[in-house]
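Notebook open, structure about to be loaded. I want to go through the fold, the surface and a few contacts, one entry at a time.

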Amino acid sequence: MLNNLKSFSNPPSKQEFAVTFRLVSRISFWVQLLLGLISAIAVSLAYFSRNITTQTNNAGIGFGIFLAIVGILLLCFRIYWAFRYRKLAKLLQTQNPQNHPRKEDIIKNLWIGFIVSLVGLLIAFIASEETVAIILGKALSQPQGVAIYQPENLIRSLDIFVMLANVNMIGAHFFGGVTSLGLLYWLED
């Protein structure tokens, strides 16, 4: 067991790294794509339903939707970047060493992916906190057992969709960040 940990902490050979890089980037791509699609669908439902139904005067949820859209755009870039990782891994596995990307280029790409994931994680976290605060405020403003006469205090299921989107983006950006950081740690060791 200790030997396995030591061998993992040793710098990998180019071929070992290429195989792991390709596998991890493929998993990362699909996990981020799935969570991103769920987030995009949830935000779309919340946004378009918000415009169709009666408007509530709640700018907080609108700001939460805006932050969710920004987080989704960052996640789209991150998904593209995970796909780019796969291309780099394929280049590392070619027979011609002149086609192999330099270690510095791979490290630079991993750092960019990690930083984008951190920014996306921060935005999704802020959006989640803001959305939860709005929903909690609505819940606390409702007297128990009494009919609600102020539509802006009504908790709508679409408010929960915004929260779902933000939580999924936290997971997707976290997964992408962990992928980049793990590969960086292994490569730079």
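**Entry 1: ground rules and fold**

Before naming any element, I note how they are assigned: helices (H or I, at least four residues) and strands (E, at least two) are DSSP runs, numbered from the N terminus. This is a predicted model, where local features need pLDDT of at least 70 and side-chain atom pairs count only at pLDDT 80 or more, while totals for chains, interfaces and linings use all residues. Residues are numbered from 1 along each chain as its sequence is written, and side-chain values use heavy atoms, with hydrogens and water left out.

I looked up the element count and got 5 helices and 0 strands for the protein chain. Read from the N terminus, the order is α-α-α-α-α.

Next came burial, where buried means under 20% relative accessible area, exposed over 50%, and partly exposed in between (1.4 Å probe, protein chains only). Of the 189 residues in the protein chain, 40% are buried.

**Entry 2: inside helix 4**

I picked Ala-124, which sits in helix 4. Is Ala-124 buried or exposed? Ala-124 counts as buried because its relative accessibility is 0%. I also checked its spacing to Ala-172: the two are 48 residues apart in sequence, and their C-alpha atoms are 9.9 Å apart in space.

Thr-131 is in helix 4 too. Thr-131 comes out at 0% relative accessibility, so I log it as buried. What does the side chain of Thr-131 reach? It reaches the backbone oxygen of Ala-127, at 2.7 Å. My yardstick for a polar contact is a pair of N or O atoms within 3.5 Å; within protein, one must be able to donate a hydrogen and the other to accept it, and residues adjacent in sequence count only if both atoms are side-chain atoms.

**Entry 3: the loop histidine**

I went to the loop between helix 3 and helix 4, where His-100 lies. His-100 is buried because its relative accessible area is 15%. Its side chain gets to the backbone oxygen of Thr-94 at 2.8 Å.

**Entry 4: salt bridges**

How many salt bridges does the structure hold? I found 2, taking a salt bridge as a side-chain nitrogen of Lys or Arg within 4 Å of a carboxyl oxygen of Asp or Glu. One pairs the side chains of Glu-104 and Arg-102 at 3.4 Å, N to O. The other pairs Asp-105 with Arg-102, at 3.4 Å, N to O. Shared partners join Arg-102, Glu-104 and Asp-105 into one network. I also looked up the cover on Asp-105: with a relative accessible area of 29%, it is partly exposed.

**Entry 5: surface patches**

Patch rules first: patches are made of residues with over 30% relative accessible area and no salt bridge, with like charges joined within 9 Å and nonpolar side chains (Val, Leu, Ile, Met, Phe, Trp, Tyr) within 5 Å. Accessible areas come from the Shrake-Rupley method with a 1.4 Å probe, and for residues only the protein chains shown count as cover. For charges, Lys and Arg count as positive and Asp and Glu as negative, while His and the chain ends are not counted. The place of a charge is NZ of Lys, CZ of Arg, CG of Asp or CD of Glu.

Arg-26, Arg-84, Lys-87, Lys-90 and Lys-108 form a positive surface patch. Which helix gives the most to the positive patch? Helix 3 (residues 59-92) does, with 3 residues. Lys-108 belongs to helix 4 (residues 103-141), and it counts as exposed because its relative accessibility is 55%. I checked Lys-108 against Leu-184 as well: 76 residues apart along the chain, with C-alpha atoms separated by 9.4 Å.

There is a nonpolar patch on the surface too, formed by Leu-34, Ile-38 and Leu-164, with about 250 Å² of accessible area together. Leu-34 is in helix 2 (residues 14-52) and is exposed, at a relative accessible area of 53%.

**Entry 6: pairs far apart in the chain**

Val-31 is in helix 2 and partly exposed, at 27% relative accessibility. The C-alpha atoms of Val-31 and Phe-175 are separated by 7.8 Å, though the residues are 144 apart along the chain.

Last lookup: Leu-187, in helix 5 (residues 157-188). At 8% relative accessibility, Leu-187 counts as buried. Leu-187 and Ile-107 are 80 residues apart along the chain, and their C-alpha atoms are separated by 7.8 Å.
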